[in-house]
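Grab your viewer and work through these short exercises. Each one has a task, then a solution in steps.

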Amino acid sequence: PEDDWKPQVTDHEVSKINQFHINSTLTKTKTKRILSIIFICFSFVNTQNSFSYPVTTFGPKACMLQNPHAVMHIQDPASQRLTWNKPPTSVLVIKKIRDASLLQPFKELCVFLTEVKNLLVYVEKKVLEDPAISGDENFGAITKKFCTFREDLDDISNRVDFIICLGGDGTLLYASSLFQESVPPVMAFHLGSLGFLTPFKFDTYQSQLTQIIEGNAAIVLRSRLRVRVLKENWEKKARVDEKGIILTNGDVESSRKAMEYQVLNEVVVDRGPSSYLSNVDLFLDGHLITTVQGDGVIVSTPTGSTAYAVAAGASMIHPNVPAIMITPICPHSLSFRPIVVPAGVELKIMLSRDARNTAWVSFDGRKRQEICHGDSITITTSCFPVPSICFRDPVNDWFESLAQCLHWNVRKKQNYLSSEDEDF
């Protein structure tokens with residue numbers, strides 16, 4: 001029964017992910033590894049939308065050991081709905097920089113948000129520095145009402161109620177990078193090239209925005225990866241001789257520098273400009289599982305499975321599936337196939353001892369940096385997903401994107417076989 005299974009979670013471990021809720025709770029712990037995992041699956045019992053907690057008793061005497069840090073929740077993806085605790089009052093508008101085709105939609109949208117919906121609009125400062133915007137006197141009265149910010153300098157995480165993206169999939173990835181913890185709901189308009197993650201068309205933006213502001217929308221939680229890069233900085237320790245002269249050929253000492261990132265699509269480790277194979281060790285929960293010898297390796301979310309990973313031969317995974325995908329890039333092995341591991345495991349990537357060259361890492365195609373001996377990359381599932389607003393629902397939107405953007409299973413139909421042809 002549902003009432004018999006209740007996770008033992010203390011009040012201070014529970015926090016609301018955004019200013020909205022979808023009848024599910026995430027736990028946040030201070031341990032080395034994030035143990036809070038949402039199991040967003042669904043079961044069908046008699047009716048399509050029925051769902052329940054998983055059975056944790058097996059036979060007359062066996063049961064599952066209860067984990068106080070984990071929350072298990074089974075829910076039909078079609079039932080994930082957006083709800084506002086309070087009416088939204090602010091919105092962040094992200095526009096692709098230096099794209100002339102987006103100027104008119106951007107201006108129309110901003111006028112509608114400020115003049116009609118009375119919302120406080122946040123815009124990145126470099127967007128307003130575009131001469132086509134700063135030189136428009138008619139639009140100048142609207143821009144004076146905007147709040148501006150600068151990437152990596154201004155913190156807007158607690159000021160924005162929801163996000164609107166104008167452009168392609170890259171605008172959604174950029175929006176994700178601006179929020180290293182809780183992310184507001186994201187509404188993405190398809191005004192770019194591919195548009196796999198941008199389900200909305202701009203033609204009917206007014207009615208669609210009105211529905212979302214009223215809380216009438218479905219959402220899909222796109223899990224992110226929490227990545228920690230630990231770099232070993234080797235420096236020479238200066239020595240002073242008897243005469244007080246500083247010597248530079250002293251002992252070598254190291255200091256460790258840590259950086260953290262929230263990644264929506266994938267972490268890519270590759271050989272960079274070197275002509276040698278990359279040679280990196282891959283650990284899972286502290287155990288060495290394999291050594292990657294090839295052009296590199298991709299660690300992706302289900303959302304990222306339809307990006308670089310699918311081009312490297314991986315399977316496509318629905319965003320609601322709690323998983324991490326590991327895909328080799330041109331491995332020098334006929335048996336190295338992509339694998340899927342459970343969300344919440346901890347992966348670590350390091351250069352092998354006998355690696356002939358360094359490696360390079362990037363996060364959603366950005367922040368590219370070199371990885372040397374002694375450096376490590378730790379990856380696990382983040383407890384801060386990106387709530388992406390759906391056009392219809394998570395399932396239909398995903399299959400629509402597969403068909404329209406990737407032309408999944410497009411094939412000329414086989415001709416009908418008549419009864420006369422069967423005789424032959």
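**Exercise 1: the largest pocket**

Which element supplies the largest share of the lining of the largest pocket? Work out what surrounds this space as well.

Solution. Keep in mind that this is a predicted model.

- Step 1. Start with the space itself: the largest pocket holds about 410 Å³.
- Step 2. Go to the middle of the pocket. Among its 21 lining residues, Asp152, Ser177, Leu178, Gln180 and Lys367 are the closest to the centre.
- Step 3. Now look for elements that give at least two residues each to this lining: helix H5 (169-177), strand E14 (252-263) and strand E23 (366-371) do.
- Step 4. Pick the top contributor. That's E14, with four residues, the largest share of the lining.
- Step 5. Sort the lining by class, and you get nine nonpolar, three polar and nine charged residues.

**Exercise 2: the second largest cavity**

How many cavities of 30 Å³ or more does the structure hold? Then describe the second largest one.

Solution.

- Step 1. Rolling a probe the size of a water molecule over the atoms is how empty space shows up.
- Step 2. Count the cavities of 30 Å³ or more: there are three.
- Step 3. Take the second largest cavity, which contains about 130 Å³ of space.
- Step 4. List its surroundings. Of 15 lining residues, Val220, Arg222, Pro394, Asp397 and Trp398 lie nearest the centre of this cavity.
- Step 5. Map the lining onto elements: strand E10 (219-222), strand E25 (386-389) and helix H8 (394-405) are the ones giving two or more residues. H8 has the largest share, at four residues.
- Step 6. Finish with the classes: the lining of the second largest cavity has nine nonpolar, four polar and two charged residues.

**Exercise 3: a helix pair**

At roughly what angle do the axes of helix H1 and helix H6 cross? Classify the crossing and find the residues in contact.

Solution.

- Step 1. Fit the axes of H1 (residues 103-116) and H6 (residues 205-213); they come within 11 Å and cross at roughly 40°.
- Step 2. Angles under 35 degrees would count as roughly parallel, and 65 to 115 as roughly perpendicular. The crossing therefore makes H1 oblique to H6.
- Step 3. Check the hand: H1 passes H6 in a right-handed crossing.
- Step 4. Pick out the contact residues. H1 brings Glu108, Leu109, Phe112 and Leu113, while H6 brings Tyr205, Gln206, Leu209 and Thr210.
- Step 5. Tally that contact by class: five nonpolar, two polar and one charged.

Methods: Residues numbered from 1 in each chain as written. Predicted model: local features only at pLDDT ≥ 70, side-chain atom pairs only at ≥ 80, totals over all residues. Heavy atoms only, no water. 1 Å grid on protein atoms, 1.4 Å probe; cavity = no way out; pocket = protein on both sides within 12 Å on 5 of 7 lines; lining within 4 Å. Points joined across faces, edges and corners; volume = space filled by probe spheres on them. Nonpolar A, V, L, I, M, F, W, Y, C, P; charged D, E, K, R; others polar. Axes fitted to C-alpha atoms, helices over the stretch in contact; angles between N-to-C directions. Parallel < 35°, antiparallel > 145°, perpendicular 65-115°, else oblique. Left-handed = near helix turned anticlockwise from the far one by under 90°. Contact = heavy atoms within 4.5 Å.
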